[in-house]
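Hi,

Here's the structure I said I'd pass along. Have a look at it first, and then read on for what turned up.

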Amino acid sequence: MNKAAMIAAALAATCAAGSANAQMGGGADKEKCYGVAKAGQNDCASSDGKHGCASMAATDNAPTEWKWVPKGSCEKLGGKPTPPAK
């Protein structure tokens, strides 16, 4: 396997693992909160499809990026529990 293919495979595996872990991070006591994630600290894919992995937010508080937060705290943190309209 050439170097580029190995790097691409490693990156894909890392994104898949991060995405799976983030999806499992929610629960009955958590909710997705859009617009509160700091750059590099989002929990999973962006709602606009720009990326499919956790930790890939490019800017702070982007409305398409989300984090798991305690249920009922999203709007208090300045976020929204639903993604922005496309």
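Before anything else, bear in mind that this is a predicted model.

I'll start with Val 69, since several of the other findings meet there. Leaving aside neighbours within four places in sequence, Val 69 is in contact with Asp 29, Lys 30, Glu 31, Cys 33, Cys 74 and Leu 77. Val 69 itself is part of strand β2, and with a relative accessibility of 6% it counts as buried. If you want a distance to check in your viewer, try Val 69 to Pro 81: they are 12 residues apart along the chain, and their C-alpha atoms are separated by 9.8 Å.

Two of those contacts of Val 69, Cys 33 and Cys 74, bring me to the next item. These two cysteines form a disulfide, with 2.1 Å between their sulfur atoms. The structure holds 1 disulfide, so there is no doubt about which one I mean, given that a disulfide is a pair of cysteine sulfur atoms within 2.5 Å. The pair links distant parts of the chain: Cys 33 sits in strand β1 (residues 30-34), while Cys 74 lies in the segment after β2 (66-70), and 41 residues separate them. The link is right-handed, with 80° about the S-S bond. Both ends are tucked away from the surface: Cys 33 is buried at 0% relative accessibility, and Cys 74 is buried at 1%.

What about Cys 44, and why does its sulfur have no bond to the closest cysteine sulfur? That closest sulfur is in Cys 53, 7.7 Å away, which is too far for a bond; the cut-off for a disulfide is 2.5 Å. Cys 44 is buried as well, with a relative accessible area of 2%.

Last, a couple of backbone oddities. Most residues other than glycine have a negative phi, so these two are worth a look. Ser 55 is not a glycine, yet it has a positive phi of about 65°. Asn 61 is the other case, with a positive phi near 55°. You'll find Ser 55 in the loop between β1 and β2, and Asn 61 is in the loop between β1 and β2 too. As for the surface, Ser 55 is partly exposed, with a relative accessible area of 48%, and Asn 61 is also partly exposed, at 39%.

That's what I have for now. Shout if anything is unclear.

Cheers

How values were computed:
Residues are numbered from 1 along each chain as its sequence is written. This is a predicted model: local features need pLDDT of at least 70, side-chain atom pairs count only at pLDDT 80 or more; totals for chains, interfaces and linings use all residues. Side-chain values use heavy atoms; hydrogens and water are left out. Helices (H or I, at least four residues) and strands (E, at least two) are DSSP runs, numbered from the N terminus. Buried means under 20% relative accessible area, exposed over 50%, partly exposed in between (1.4 Å probe, protein chains only). Contact means heavy atoms within 4.5 Å.
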